[in-house]
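Hi,

Here is the structure I promised to pass on. Have a look, and my notes are underneath.

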Amino acid sequence: MVRYTKEHKQETRQRIIATAGRRLKRDGIDGSGVATLMKDADLTNGAFYAHFESKDSLVAEAVADQLHTLHANIVEQAEPGVAGLEQIVRWYLSAHHRENLGDGCPNAALLDEIGRSPDAIRHAYTDGVLVVIDGLAARIAPEDPPSARVKALSLLGLMAGTLQLSRALTDRQLSDDLLEQGLRNALALVDTEL
């Protein structure tokens, strides 16, 4: 019997979490069974329970990981201040983001299901999204980010809702027009408060 190191087990766990996060954003929580999630990670179903007690525990960790990735790769990488906020808004409300569910934001892909999920998933989501929100708030009001937290939540809600709706439309031109109007609305929301 082969014994794996703690590092190998942690790397495998992280691979499951990352691949599950992408699949969940593409197919939804209900549309992604354990067998599919494990196949994506090139592992057997039996290996799942060596890492997670339930699908819900994996979903909670995957959602948290996806929000951490969003923060690290988009929010933290943007320029400081208003210029960075505009970069984030333009990325979020882009045709590229609309077309690439698996690589995009978990908000627009999963909010409806997270809202109906058990508390553990909703808590993981809340903790993760607050990190993203605080990054946005720091750009809205660098001198007082806590005062801008609700404004940042509103901005994220506007962007996520616009992106969700743009993904649902079959009329590409209407979808593009919606993204463009959403971009103007988001930038106006930020600009009016400065």
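Below is what I found, going from the whole chain to the helix α1.

First, the ground rules: this is a predicted model, where local features need pLDDT of at least 70, side-chain atom pairs count only at pLDDT 80 or more, and totals for chains, interfaces and linings use all residues. Residues are numbered from 1 along each chain as its sequence is written, and side-chain values use heavy atoms, with hydrogens and water left out.

The protein has 10 helices and 0 strands (DSSP runs numbered from the N terminus: H or I of at least four residues for helices, E of at least two for strands). For 194 residues, a compact globule would have a radius of gyration near 16 Å, and the 18 Å found here agrees with that (taken over C-alpha atoms; the rule is 2.2 Å times the number of residues to the power 0.38). The C-alpha atoms fill a box of roughly 65 × 40 × 25 Å along the principal axes. Of the 194 residues, 43% are buried (under 20% relative accessible area, with a 1.4 Å probe and protein chains only).

Now α1. This helix covers residues 6-27, 22 in number, and spans 31 Å from first C-alpha to last, close to the 32 Å expected (1.5 Å times one less than its number of residues). Its buried residues include Thr12, Arg13, Ile16, Ile17 and Leu24. Among the elements covering the buried residues of α1 are α2 (34-40), α4 (55-75) and α7 (106-114). After the helix comes Gly28, with a positive phi near 85°.

Cheers

Conventions
Buried means under 20% relative accessible area, exposed over 50%, partly exposed in between (1.4 Å probe, protein chains only). Contact means heavy atoms within 4.5 Å.
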